[in-house]
Amino acid sequence: MTLNNLPARCLELEITESLLMNDAEGVLAKVRQLRRAGLLISIDDFGTGFSSLNYLRRFSVSSLKIDQSFVRDLGGGSTGGLIHAILGIARSFELGTIAEGIETPAQDEALSTLGCDLMQGYLFSRPLTTAALIDYLAAPPPIA
């Protein structure tokens, strides 16, 4: 399956924990179909809902996306421990990890040290128009 000549494996769709909880069986069938087509699936806002670890085993997801609320509070109290636990869960299920809402070099460094695979946020770039994205990809600015 390709979309505008983009291989399916290059496209990752995000589903929220709350969507999983509302219609687990219906979503499960759709996720399996998308995975068979080669798309990657990420669970967005992981850790903010009440999903069961059993869902990680049953759903053929590719990665867990750490909610920005955990990143925002990184360094204060138990948040670092929660992120560490989420990363451990992801590793045990052989899933990738993505942290969202990275705004400071300190957050970037802390998450890198904890072993987070990917990060996104304003530290790297603000949302871009298509034209601005093409320019950015041609010559990305240095990270602050």
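In this predicted model, the buried residues of helix H2 pack against four neighbours: strand S3 (12–16), helix H1 (17–22), strand S4 (40–46) and helix H3 (53–58). Which residues of H2 are the buried ones? They are Ala24, Val27, Leu28 and Val31. Look down the axis of H2 and you'll find its buried residues within an arc of 105 degrees, so they line one face of the helix. The numbering fits a general rule: an α-helix has 3.6 residues a turn, so residues three or four places apart point the same way. Now turn to the face of H2 that points away from the buried side, and you'll meet the exposed residues Glu25, Lys30, Gln33 and Arg36.

The length of H2 works out too. With 13 residues (24–36) at 1.5 Å a residue, H2 should span 18 Å, and its end C-alpha atoms are indeed 18 Å apart, so the two agree. After H2 comes Gly38, with a positive phi near 100 degrees.

From there, move on to S4, which is mostly covered, with five of its seven residues buried. S4 has a partner in S3: the two pair in the parallel sense over five bridges, with Glu12 standing opposite Leu40 in S4. S4 is also joined to strand S5 (63–66) by three bridges, and these two strands run parallel. Here Ser42 stands opposite Ser63 in S5.

Keep following the strands. S5 pairs with S6 in the parallel sense over four bridges, and Lys65 stands opposite Ile98 in S6. How much of strand S6 (residues 96–100) is buried? Four of its five residues are, so S6 is largely enclosed by the rest of the structure. S6 is also joined to strand S7 (residues 118–120) by three bridges, again running parallel, and Ala99 has Met119 in S7 as its bridge partner. To get from S6 to S7, the chain passes through helix H6 (residues 105–114), and this β-α-β crossover is right-handed.

What about the inside? The largest nonpolar core has 28 residues, and those with the most contacts inside it are Phe59, Leu64, Ile66 and Leu111. Several elements each supply at least two residues of this core, namely H2, S4, H3, S5, helix H4 (68–72) and helix H5 (79–92). Take Leu111 as an example: leaving aside residues up to four places away in sequence, Leu111 touches Val71, Leu74, Ile83, Ala99, Ile102, Cys116 and Met119. Two of these names should ring a bell, as Ala99 and Met119 are the bridge partners from S6 and S7.

Conventions
Residues are numbered from 1 along each chain as its sequence is written. This is a predicted model: local features need pLDDT of at least 70, side-chain atom pairs count only at pLDDT 80 or more; totals for chains, interfaces and linings use all residues. Side-chain values use heavy atoms; hydrogens and water are left out. The expected span of a helix is 1.5 Å times one less than its number of residues. Buried means under 20% relative accessible area, exposed over 50%, partly exposed in between (1.4 Å probe, protein chains only). The arc is that of the directions from the helix axis to the C-beta atoms. Contact means heavy atoms within 4.5 Å. A nonpolar core is a set of buried Ala, Val, Leu, Ile, Met, Phe, Trp, Tyr and Cys residues joined through side-chain atoms within 4.5 Å. Two strands pair if DSSP finds at least two bridges between them. A crossover is right-handed if, with the strands pointing away from the viewer, the path from the first strand over the helix to the second runs clockwise.
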